[in-house]
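Let's take a walk through this protein together, starting with its open spaces and ending in its interior. Have the model ready to turn as you read.

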Amino acid sequence: MIRVTGGSRSQKQHVIDMINFCTKKLMPRMHLDITVKLKDIGKDAYGYCLSDDEDSRPDRPRCFELEIQKKLPLRKLLETIAHEMVHVKQYARGELYQSGITGLHRWKGQWIKKDPDYWDCPWEWEAMGRETALFIQYAEAHGFGKKKWVKDT
């Protein structure tokens, strides 16, 4: 199930389509519940991925909330959705876990003793590395390959 609040009708439809696309690519057999809030989240980040069911399934959640900056150009908005969907995959498959008590992260079975800088986090490396590829595959699959915004950075 996908719910989107905020943003324009067009943004909502693109977000739903991108989430469905990423889910099929990254976790085709999983049933997820994803709520997306398109809103002004400030200038520190483009988006966040939060688990909504830490009490019932802390190691492999299936319910997520994404908060996404709604003022982004369409390409950046969709790349951000793709980035956050990689994090959804990481949490849902148990690759990434953040302790609510200590705040420490576990990445692929190894506890990270110190909170690393954002740019040094292996889970961010994967998300950054896959966001553009997912966007391009999505654009090609939806016939957007010749549109100007596909080529914009």
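In this predicted model, the helix that gives the most to the lining of the largest pocket is H2, with seven residues. H2 spans residues 74-92, and strand S3 (47-51), strand S5 (96-98) and helix H3 (122-141) are the other elements that give two or more residues to that lining. The pocket itself has a volume of about 840 Å³. If you want to find its centre, look for Tyr 48, Cys 49, His 87, Tyr 118 and Glu 124, which are the closest to it among the 32 lining residues. As for chemistry, the lining divides into 16 nonpolar, eight polar and eight charged residues.

Now turn to the second largest pocket, with a volume of about 170 Å³. Here helix H1 (residues 9-26) gives the largest share of the lining, four residues. Among the residues that line this pocket are Met 1, Ile 2, Ile 19, Asn 20, Thr 23, Lys 24 and Pro 28. Its lining divides into seven nonpolar residues, three polar ones and one charged one.

From the pockets we can move to the interior. The largest nonpolar core has 37 residues, and Val 36 and Met 85 are the ones that touch the most other members. H1, strand S2 (33-39), strand S4 (63-69), H2 and H3 each supply at least two residues of this core. H2 again deserves attention, since the largest share of the core, nine residues, comes from this helix. Which residues does Val 36 touch, not counting residues up to four places away in sequence? The answer is Arg 3, Val 4, Thr 5, Val 15, Ile 19, Leu 66, Ile 68 and Ile 81. Ile 19 thus appears twice on our route, as a contact of Val 36 and in the lining of the second largest pocket.

A bench biochemist may well ask about the cysteines. How many disulfides does the count come to? It comes to zero. Cys 22 is in no disulfide, and the nearest cysteine sulfur, that of Cys 49, is 12 Å away. Cys 22 is also buried, with a relative accessible area of 0%. Why is Cys 121 without a bond to another cysteine? Its closest cysteine sulfur, in Cys 49, is 14 Å away, and therefore too far for a bond. Cys 121 counts as buried too, at 4% relative accessibility. Cys 49, the neighbour named for both, brings us back to the largest pocket, where Cys 49 is one of the residues closest to the centre.

How values were computed:
Residues are numbered from 1 along each chain as its sequence is written. This is a predicted model: local features need pLDDT of at least 70, side-chain atom pairs count only at pLDDT 80 or more; totals for chains, interfaces and linings use all residues. Side-chain values use heavy atoms; hydrogens and water are left out. On a 1 Å grid over the protein atoms alone, a cavity is a set of points where a 1.4 Å probe fits but cannot get out, and a pocket is an open set with protein on both sides within 12 Å along at least five of seven lines; lining residues have an atom within 4 Å of a point. Grid points are joined across faces, edges and corners, and a volume is the space filled by probe spheres set on the points. Ala, Val, Leu, Ile, Met, Phe, Trp, Tyr, Cys and Pro count as nonpolar, Asp, Glu, Lys and Arg as charged, and the others, Gly among them, as polar. A disulfide is a pair of cysteine sulfur atoms within 2.5 Å. Buried means under 20% relative accessible area, exposed over 50%, partly exposed in between (1.4 Å probe, protein chains only). A nonpolar core is a set of buried Ala, Val, Leu, Ile, Met, Phe, Trp, Tyr and Cys residues joined through side-chain atoms within 4.5 Å. Contact means heavy atoms within 4.5 Å.
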